[in-house]
Structure formats: structure tokens, C-alpha cells
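Please examine the sequence and the three-dimensional model shown below. An explanation of selected features then follows.

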Amino acid sequence: MTKFNYKKWVTENKHGKLSEYRDENPFDRPGFEPEAEDPNDPRRFQKYQEQEKDPDAKAAAPKKGGEGEKEEKPPLDAAAITNQTSYGELSSIEDAKKILTQLQSRDPNQPIYKAMEFEEDGQIKKPKYDDVADWVDGIGVDVLAQRMVDIGSKLPSTGLPKKDMPFLPLPKDPKSKGDPADVGDALTPGGKYGVDFKEVYDFLNEKTDPPAPNTFVGMDDKAAQDYMQSGEKDGNPKDDKAAFNPAPEFPASEAVPTQSNILIAKSIGMAAGGIKGGDLGAYFSTDNEILDGHHRWAATMLNNPGASIKGIAAIDLKAMGGTKPALKHLTAIGNALGNATKTKESYVDPRASLYERMEKLINKNN
């Protein structure tokens with residue numbers, strides 16, 4: 001008998017159902033005979049002719065190979081919400097309303113309230129149920145539900161993982177090292193620093209990539225010093241220049257998230273706590289892409305999408321070769337200034353231990 005695999009089971013049952021025939025053509029079964037089409041029937045091409053005449057019908061017609069199609073999401077099981085449920089999992093306004101109804105109940109046993117609990121200094125911190133419910137009632141379920149769906153619609157289908165985000169100097173973070181001005185200096189020729197982020201080739205005509213994360217941490221390392229001054233020594237000290245605009249400010253609704261996993265419970269807790277615009281203490285791109293502070297942005301979107309958000313600086317990622325190569329260089333700059341980055345995702349499904357026990361029990365009896 002095939003052994004039970006809990007990870008496969010969780011994946012297949014993520015939305016509470018397992019389709020036995022998910023890969024099977026429902027019309028390709030014994031006993032099913034499709035009705036023969038009469039080649040002389042004038043109605044044969046009628047629907048296609050109507051679609052050609054009607055642009056709306058043509059737009060709604062099935063696309064070949066999935067072209068232009070958007071995958072429909074199954075309804076969110078509100079009873080299965082965890083602290084990892086993201087806005088991207090909302091399939092409709094009704095999904096959002098189910099969550100908000102739980103919040104209005106003021107019942108600490110509701111899944112969303114359980115998801116809002118977190119550990120700090122060895123203690124479990126619980127939300128203030130009455131304050132959260134009053135917050136929902138104050139803004140209104142209909143308004144909040146629409147804003148939740150709007151957040152989900154702005155998320156990229158494949159967002160950048162948290163581990164790929166640079167740890168740049170943050171003035172308000174005691175764990176952060178360095179000065180934001182040093183980042184700007186590294187991206188602008190003629191100062192103390194100057195990073196070589198344009199495409200560089202060595203004598204073998206092989207492209208030189210930015211150093212891997214945490215190759216060095218701190219300017220005491222000779223490799224960090226060489227990297228931070230590499231743009232001054234490549235024969236063209238003025239070619240590596242990217243805009244670094246301090247203190248950017250724009251409406252939250254104009255921001256562009258770069259992560260797809262923005263957690264509903266976490267952002268609701270922030271929003272109910274009063275976050276609505278202001279300084280997010282984060283970096284952006286000059287195209288309003290968010291590099292950090294996604295949950296504070298989402299909290300602002302819940303409270304007031306028109307509120308202004310501010311950041312430490314906006315960086316021209318296009319001038320650095322595009323988002324992905326730019327983030328690699330910014331990670332290295334953060335490392336050189338003394339900030340080590342995470343090299344892997346730290347999240348572990350809190351239900352994993354239960355599923356592991358299920359797997360062992362089932363396989364033991366096989």
C-alpha cells in the first residue's frame with residue numbers, strides 16, 4: 001500500500017477538497033458519446049460569427065492555451081484561517097466579509113483572533129478584541145471588505161521572497177547599522193563609496209555578478225572595502241549612477257507591492273492599532289515599489305488608501321539593471337555596512353507537527 005505523505009496531502013487539500021478527477025477530462029470516460037455535429041447545419045458557425053461581430057463576446061470567448069485567462073480562486077475557508085493567510089487567497093468580497101464578521105463577534109476563539117496572536121519575549125500577545133471589533137464597526141464591513149480585496153488585487157502573482165530583500169540602514173531600528181546616506185553614496189560617483197553595478201566583464205569576458213549574501217558583513221572586511229569602491233576602479237568611475245531620492249512621499253494607493261505574501265491577521269492588528277500612513281521607515285523604488293514595510297502599507301490601505309506614506313529613500317532600480325540584480329547589489333551594500341541578511345525563509349507551518357504525527361500513525365498501520 002502506498003505510504004501516506006502529509007506534505008502532499010496538505011498541498012492537495014489546501015482549500016478543503018480533493019478532486020479525484022482533477023487531471024481527467026470529464027468527457028473522456030467510458031459510456032460517454034458526444035453528439036455528432038451535422039456539417040450541413042447552418043448554425044454550426046453562427047456563434048463564432050456572432051463573436052467576430054460582437055467585441056464583448058469575442059473578449060469573453062475561451063482563449064487558446066490559457067491566453068489571457070486568470071485562474072479562479074476557490075472560496076476561502078474562513079474556519080481555516082491562520083497567521084499565514086494572505087490577501088492573495090481572497091477570492092471575493094464575501095471571503096473578506098466572513099473574516100470581518102468573525103472580528104465583529106468579539107469572540108477570542110474565532111480563527112482570525114487566534115491568527116492575530118503572536119509571541120514576544122516568550123509571552124503570547126493577544127489582540128484587544130473590543131478595540132478590533134470597534135475598529136471594524138467604525139469603518140464598516142462593506143468598506144473594509146472592498147479594501148481587503150483591493151490589497152489582494154495589487155499583489156504580484158509571484159512576489160519576491162523576504163529572504164531576497166536587502167537589509168539596508170534603518171534609522172529607527174536599533175539592530176540596523178550604517179547610515180542611509182552611505183547607501184546613496186555607494187550609488188553615486190564621486191563620494192567616499194562607489195559600487196560597480198553596471199554589467200562588468202573580466203578579461204575572459206565573463207560577467208561579474210554581485211557577491212552572494214553575507215559574503216562579508218561590515219567594512220572591516222577587505223572584500224567589503226573592495227566592493228564598496230569597485231565603481232571607482234573599473235576604468236569608468238562615472239558610469240555607475242542610480243538616483244537616490246531621500247524622503248519620498250506618495251499616496252498608499254499608488255504604492256506597488258513586491259511581495260505576494262502579505263498577512264491578513266498581522267496587517268489588521270496594525271490597522272486596528274492606528275497605523276494609517278506616515279513614515280513607514282522603509283525604502284522604495286523610484287517607481288513606488290515597496291522594498292520593505294508591506295504590512296504597514298496594507299494597514300494604511302485598510303484605514304485610508306489616500307493617506308500619504310513616506311520612506312527613507314527611493315532608489316532607481318532600473319538604472320541598476322532591473323529589480324533582481326539591483327536587490328542583489330543593495331543586499332551586498334547592506335552587508336558591507338554591517339547588516340547581515342536572512343538567507344532562507346524562516347516560516348514553518350504551525351500544523352506540521354500534527355500532520356507528521358498523522359503520517360506516522362497512518363503509515364504504521366499500513
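The paragraphs below proceed from the overall chain to one helix, one buried aromatic residue and several salt bridges.

The structure is a predicted model. Its protein chain contains 13 helices and eight strands. Of the 366 residues in the protein chain, 36% are buried. The chain exposes about 22300 Å², and carbon and sulfur atoms supply 50% of that area. Among contacts in the protein chain with a separation of 6 or more, 75% are made by residues 24 or more positions apart.

Helix H7 (141–154) offers a view of how a helix is placed against its surroundings. At 1.5 Å a residue, its 14 residues should span 20 Å, and the end C-alpha atoms are indeed 20 Å apart. Which residues of H7 are buried? They are Val 141, Leu 144, Ala 145, Arg 147, Met 148, Ile 151 and Gly 152. Viewed down the axis of H7, these buried residues fall within an arc of 165 degrees, so they line one face of the helix. The general geometry of an α-helix is relevant here: with 3.6 residues a turn, residues three or four places apart point the same way. The cover over the buried residues of H7 includes H4, H6, helix H10 (264–272) and H11. On the face turned away from the buried side, H7 carries the exposed residues Asp 142 and Ser 153.

Burial is also found in a loop. Phe 216 is located between H8 and helix H9 (222–228), and its relative accessibility of 4% means that Phe 216 counts as buried, the limit being under 20%. Beyond its neighbours within four places in sequence, Phe 216 contacts Pro 211, Asp 221, Ala 223, Ala 224, Tyr 227, Ala 332, Asn 335 and Ala 336. Phe 216 and Ile 333 are 117 residues apart in sequence, yet their C-alpha atoms are 9.9 Å apart in space.

Attention now turns to charged side chains. Side chains of opposite charge can pair when their charged atoms come close. How many salt bridges does a search of the whole structure find? The search finds ten. In one of them, the side chains of Asp 130 and Arg 106 meet with an N to O distance of 3.2 Å. Asp 130 lies in helix H6 (129–139), whereas Arg 106 lies in the loop between helix H4 (93–104) and helix H5 (111–115), so the pair ties together parts that are 24 residues apart in sequence. Asp 130 is partly exposed, at 45% relative accessible area, as is Arg 106, at 31%. Both residues belong to a network of salt bridges that links Arg 106, Asp 130, Asp 134 and Asp 137.

A further salt bridge joins Asp 292 to Lys 162, with the closest N and O atoms 3.3 Å apart. This pair links distant parts of the chain, 130 residues apart: Asp 292 is in the loop between strand S6 (283–285) and helix H11 (294–303), and Lys 162 is in the loop between H7 and helix H8 (180–186). Asp 292 is partly exposed, at 24%, and Lys 162 is likewise partly exposed, at 43%.

The loop between S6 and H11 also holds Asp 287, whose side chain meets that of Lys 318 in a salt bridge (3.5 Å, N to O). Lys 318 lies in the loop between strand S8 (313–315) and helix H12 (323–336), so this pair ties together parts 31 residues apart in sequence. Here Asp 287 is partly exposed, at 38%, whereas Lys 318 is exposed, at 62%.

How values were computed:
Residues numbered from 1 in each chain as written. Predicted model: local features only at pLDDT ≥ 70, side-chain atom pairs only at ≥ 80, totals over all residues. Heavy atoms only, no water. Salt bridge = Lys/Arg side-chain N within 4 Å of Asp/Glu carboxyl O. Helix = DSSP H or I, 4+ residues; strand = E, 2+ residues; numbered from the N terminus. Buried < 20%, exposed > 50% of the residue type's maximum accessible area, 1.4 Å probe, protein only. Contact = heavy atoms within 4.5 Å. Expected span 1.5 Å × (residues − 1). Arc of directions from axis to C-beta. Areas by Shrake-Rupley, 256 points an atom, 1.4 Å probe, with all protein chains shown as cover.
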